[in-house]
Amino acid sequence: MVRPQRISPKGLFDPYYVPDRLLHREREMRMIDGVYRDSYDDDYGINCLVHGITGVGMTVFSRYFLTKIIPEQFDSYTIYVDAKHKDVLEIVAELNDKIHRLSSRPITVAFDLDKLWMQFKRTAAASSRRGVFVIDNIDENNEEVYTKVAMLSKEIKASTIGVLNSHDYRLLTKAPATQMAYDFEVPLDTYTQSQLYDIVRLRVEDTFPLGLTDEIIRYIADLVCEFQASTPRTSIEALKALWPLAQRGQEITSDIVRSATSRITTLGQDSDYMDLIDTISMNDFMTLLVLEALSEHLMRYKTETYIDRQTLNELVLIKCEELGVKHSVDDIDKSLQTLIFQSVVFESGYTRDLLYLLVPPEILYDTALNLRRELASRK
Ligand SMILES: Nc1ncnc2c1ncn2[C@@H]1O[C@H](COP(=O)(O)OP(=O)(O)OP(=O)(O)O)[C@@H](O)[C@H]1O
Ligand SMILES: [Mg+2]
């Protein structure tokens with residue numbers, strides 16, 4: 001399939017951007033679509049909560065349903081309000097404003113919560129079409145607006161979708177004294193590594209005129225999965241940092257991705273790494289040699305983000321021969337296992353065969369080389 005050429009940075013910088021395709025949410029979309037279809041056909045109001053960990057794609061899920069599915073399949077009007085950092089008065093004013101604009105009715109200026117609510121209620125009730133309201137980012141401070149709209153929806157056979165993160169979901173629905181009005185819920189799970197990769201790639205196609213290499217996209221997905229529970233928002237943040245560089249024609253290397261994601265990977269100080277390596281390689285010549293070979297390779301080939309186990313084995317064997325050290329593939333494996341276990345080296349989530357680093361390879365190379373020489377001179 002040829003994708004329509006629609007390259008625009010909006011896809012990275014607009015928080016309400018809805019991509020043409022919502023990837024890997026088919027089941028959840030079918031669910032909300034089916035439940036809404038039943039309520040629409042049988043003429044009753046229905047309310048739903050969409051929830052998941054922050055950054056997992058709740059906003060885009062609800063907006064995809066609102067802006068793509070509803071207009072395509074139903075004769076309903078839709079209103080979306082982001083409640084984040086807004087007080088109750090602001091939220092109700094926005095609902096009121098939007099419904100008046102939709103129904104082209106004149107709006108009476110009011111600054112009083114009850115008046116605004118009555119206006120909204122009257123207009124919603126008078127509409128010949130059914131409404132679907134989305135209140136995004138529900139929390140303790142605005143919960144009452146959701147409840148009001150949800151109850152109104154029942155009366156006038158409309159629907160309300162409340163969107164909230166897992167923390168607020170637990171707080172508002174699981175506490176003993178709470179009672180949130182909703183009929184069903186759509187929990188959004190985190191994505192697998194390869195699903196995250198698809199999402200990042202889609203966004204790259206939508207926004208980067210010259211694209212990025214598969215390896216770079218995979219590296220971003222690997223880092224985000226390892227450190228941020230596979231949430232697409234973090235991947236998009238990384239792409240935002242790369243975009244201006246790519247725009248200027250700069251080649252995007254693993255070094256650049258590392259610095260663009262350093263905030264999420266919570267790197268320790270370089271000296272912490274030296275201590276760590278010092279400890280794990282205590283008298284362990286082979287582990288130092290493996291680390292040296294691995295980082296040397298990634299240092300030399302800047303556009304390569306991963307090294308596969310076979311290549312690494314070969315490089316270590318060559319080093320062993322040069323140094324006249326006895327060696328076996330088993331030893332190399334054991335050393336590699338130690339490095340992975342200590343989070344110096346990482347295995348790609350796509351295939352264990354591919355290995356990557358978080359720290360700039362230069363630092364590891366210098367450390368490994370120095371320690372190895374020290375060890376050799378002591379013997
Ligand atoms: N299934 C998907 N297909 C395509 N893009 C997606 C998908 N899921 C998430 N995204 C993209 O990931 C980014 C984060 O999603 P979104 O803003 O919806 O997260 P959120 O759960 O609402 O986060 P927050 O906690 O910040 O409210 C957005 O750019 C969104 O378009
Ligand atoms: Mg959101």
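Let me start at R309, which lies in helix α15, the helix that covers residues 309–323, and let me say at once that what we are looking at is a predicted model. R309 counts as partly exposed, because 17 other C-beta atoms lie within 10 Å of its own, and the range for that class runs between the 12 or fewer of an exposed residue and the 20 or more of a buried one. If we leave aside residues up to four places away in sequence, R309 touches D353 and L355. There is also R352, which is 43 residues away from R309 in sequence, while the two C-alpha atoms are 8.8 Å apart in space.

L355 takes us into a sheet, so to speak, and I would like to stay with that sheet for a moment. It is an open sheet of 3 strands in the order β6-β8-β7, with antiparallel pairing. Which strands stand at the edges, and what does that leave them without? They are β6 and β7, each of which has a single partner strand, so one side of each is left without a neighbour in the sheet. Taking the pairs one at a time, strand β6, residues 307–308, is joined by 2 bridges to strand β8, residues 354–357, and within that pair I307 stands opposite L355. On the other side, 3 bridges join β8 to strand β7, which covers residues 345–347, and here V345 has L357 as its bridge partner. β7 and β8 form a hairpin, with 6 residues between them.

Before we leave this part of the chain, please look at helix α14, residues 285–300, which has 16 residues and reaches 22 Å from its first C-alpha to its last, close to the 22 Å expected at 1.5 Å a residue. A good number of its residues are buried, among them M286, L289, E292, A293 and L298.

Now let me step back to the chain as a whole. The domain assignment gives three stretches, namely domain 1 (25–187), domain 2 (193–264) and domain 3 (270–378). The C-alpha centres of domain 1 and domain 2 lie 33 Å apart, and the contact between these two involves 4 residues of domain 1 and 5 residues of domain 2. The side of domain 1 that touches domain 2 has, by class, 2 nonpolar, 2 polar and no charged residues.

Where, then, does ligand 1 lie with respect to domain 1 and domain 2? Both domains give residues to the shell around ligand 1, so the ligand lies between them. That shell consists of 20 residues, of which the closest are T54, G57, T59, V60 and P232. The elements that give two or more residues to it are α3 (58–73), α8 (193–207) and α10 (232–247). Divided by class, the shell has 11 nonpolar, 7 polar and 2 charged residues.

Let me turn next to strand β2, residues 76–82, which is mostly covered, with 5 of its 7 residues buried. β2 pairs with strand β3, residues 130–136, in the parallel sense and over 7 bridges, and in this pairing Y80 stands opposite V134.

A residue that I would point out alongside this strand is I99, which lies in helix α4, residues 88–103. Is I99 buried or exposed? I99 is buried, because 23 other C-beta atoms lie within 10 Å of its own, where 20 or more are needed. Not counting residues up to four places away in sequence, I99 touches I79, F120, T123 and A124. I99 and Q119 are 20 residues apart in sequence, and their C-alpha atoms are 9.6 Å apart in space.

I will finish with two residues whose backbone angles deserve a second look. Most residues other than glycine have a negative phi. H24, although it is not a glycine, has a positive phi of about 55°, and it is found in the loop between α1 (10–13) and α2 (26–42). H24 counts as partly exposed because it has 16 C-beta neighbours inside 10 Å. N137 is not a glycine either, and its phi is positive too, at about 65°; this residue sits in the loop between β3 and α6 (143–156). With 19 C-beta neighbours inside 10 Å, N137 also counts as partly exposed.

Methods. Residues numbered from 1 in each chain as written. Chains lettered and ligands numbered in written order. Predicted model: local features only at pLDDT ≥ 70, side-chain atom pairs only at ≥ 80, totals over all residues. Helix = DSSP H or I, 4+ residues; strand = E, 2+ residues; numbered from the N terminus. Expected span 1.5 Å × (residues − 1). Contact = placed C-beta atoms within 7 Å. Near = placed C-beta within 6 Å. Nonpolar A, V, L, I, M, F, W, Y, C, P; charged D, E, K, R; others polar. Domains from an automatic or database assignment. Pairing = 2+ DSSP bridges.
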